[in-house]
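Hi,

Here is the model I promised to pass along. Have a look at it first, and then read on for what turned up.

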Amino acid sequence: MNFKVLTLFPDMILNTLKTSITGRAMESGCLNVSAYDIRDYAFNKHKSVDDYPYGGGAGMLMQAEPIFQAYQDITKESKEKPRCIYLTPQGQTFTQKMAEEFAQEEELVLLCGHYEGIDERVLEEVVTDYVSIGDYVLTGGELPAMILIDAVSRLIPGVLHNDASAEFESFQENLLEYPHYSRPEEWRGKKVPEVLLSGHHLRIEEWRREQSILRTALRRPDLLEKADLSEKEQEFLGK
Ligand code: ADE
């Protein structure tokens with residue numbers, strides 16, 4: 001998987017993603033993240049890439065041409081034009097389902113905005129997907145881009161060493177994941193639920209399913225509406 005990030009702060013992207021699991025995945029070759037400095041495509045001697053908005057208003061805008069040149073340059077060897085995701089609070093809210101869809105792509109371009117935004121005309125020209133990471137406004141698109149890269153990367157075969165750990169997890173089937181316990185068996189008076197020590201796989205599976213449902217009902221009742229529950233499970237919830 002190839003991520004190409006268009007940004008004014010390439011070091012922010014590379015220095016962060018080089019640590020931990022994404023870093024290891026990049027070393028092993030199953031993940032490739034390149035960050036391109038939009039300023040390298042500035043066309044004036046001051047290397048500025050922003051300008052005042054027509055019609056007035058607060059702040060500056062990122063200009064169209066440097067972004068267009070950067071996009072053309074980094075995609076010139078692509079067989080097909082890759083999807084280009086613009087991270088913006090005006091986008092569709094990012095979900096696990098979208099992460100799964102993006103994980104199918106071979107190459108993705110991520111465009112990070114700054115200042116008050118980007119000249120609309122270049123967005124019309126290059127952007128295929130508008131993605132937000134939530135209903136709040138950040139100073140730029142770099143953190144959202146890294147969140148997207150992280151969520152997508154862990155779905156790529158070979159990135160998580162234990163492939164099963166991406167298999168059942170929160171949001172799959174619109175249920176939150178069940179609680180986890182490790183050693184010791186008793187910690188500060190709190191015991192690991194008996195069933196997990198029983199070695200009885202079927203009972204463990206049933207217990208985990210029940211805990212997932214209860215936890216979702218308690219913390220994310222909005223998700224539960226979309227979950228596929230058996231009649232018995234609905235009764236159990238008093239529905
Ligand atoms: N840029 C600024 N805020 C953002 C958000 N919430 N999501 C994606 N990109 C952003």
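Let's begin with Ser20, which counts as exposed because just 10 other C-beta atoms lie within 10 Å, and the cut-off for exposed is 12 or fewer. Its phi is near 60°, a positive value in a residue that is not glycine. You'll find Ser20 in helix 2, which covers residues 20–28. Please keep in mind throughout that this is a predicted model.

Lys47 also has a positive phi, about 60°, and is not a glycine either. Lys47 sits in the loop between strand 2 and strand 3 (50–51). Is Lys47 buried or exposed? Lys47 has 12 C-beta neighbours inside 10 Å, so it counts as exposed.

Then there is Thr95, in the loop between strand 5 and helix 4 (96–102). Thr95 has 12 other C-beta atoms within 10 Å, so this residue is exposed too. If you want a distance to check in your viewer, try Thr95 to Gly140: they are 45 residues apart along the chain, and their C-alpha atoms are separated by 20 Å.

One more backbone detail: the peptide bond between Arg183 and Pro184 is cis, with omega at about 5°. Pro184 belongs to the loop between helix 6 and strand 8 (186–187).

Now the overall picture. The protein chain has 9 helices and 9 strands. The domain assignment splits the chain into domain 1 (2–153) and domain 2 (168–236), and the C-alpha centres of the two lie 37 Å apart. Along the principal axes, the C-alpha atoms fill a box of roughly 70 × 40 × 40 Å. The radius of gyration is 22 Å, whereas a compact globule of 239 residues would come out near 18 Å. Buried residues account for 24% of the 239 residues in the chain.

Strand 1 (residues 2–7) is a good place to look at the sheet. Most of this strand is covered, with 5 of its 6 residues buried. Which strands does it pair with? One partner is strand 2 (residues 32–37), joined in the parallel sense over 6 bridges; there, Leu6 has Tyr36 as its bridge partner. Another is strand 6 (residues 107–112), again parallel, over 5 bridges, and in that pairing Asn2 is matched with Glu107.

Helix 6 (residues 142–153) behaves as you'd hope: at 1.5 Å a residue its 12 residues should span 16 Å, and the end C-alpha atoms are 16 Å apart, so the two agree. Its buried residues are Glu142, Pro144, Ala145, Met146, Leu148, Ile149, Val152 and Ser153.

Pro144 turns up again around the ligand. The other residues there are Leu87, Thr88, Pro89, Ser132, Ile133, Gly134, Tyr136, Val137, Leu138 and Gly141. What does that shell look like by class? It has 7 nonpolar and 4 polar residues, and no charged ones. Strand 5 (residues 83–93) gives the largest share of the shell, with 3 residues.

That's what I have for now. Give me a shout once you've had a look.

Cheers

Methods:
Residues are numbered from 1 along each chain as its sequence is written. This is a predicted model: local features need pLDDT of at least 70, side-chain atom pairs count only at pLDDT 80 or more; totals for chains, interfaces and linings use all residues. A residue is buried if 20 or more other C-beta atoms lie within 10 Å of its own, exposed if 12 or fewer, and partly exposed in between; C-beta atoms are placed from the backbone. Helices (H or I, at least four residues) and strands (E, at least two) are DSSP runs, numbered from the N terminus. Two strands pair if DSSP finds at least two bridges between them. The expected span of a helix is 1.5 Å times one less than its number of residues. A residue is near a molecule or strand if its C-beta atom, placed from the backbone, lies within 6 Å of it. Ala, Val, Leu, Ile, Met, Phe, Trp, Tyr, Cys and Pro count as nonpolar, Asp, Glu, Lys and Arg as charged, and the others, Gly among them, as polar. Domain bounds come from an automatic or database domain assignment. The radius of gyration is taken over C-alpha atoms; the globule rule is 2.2 Å times the number of residues to the power 0.38.
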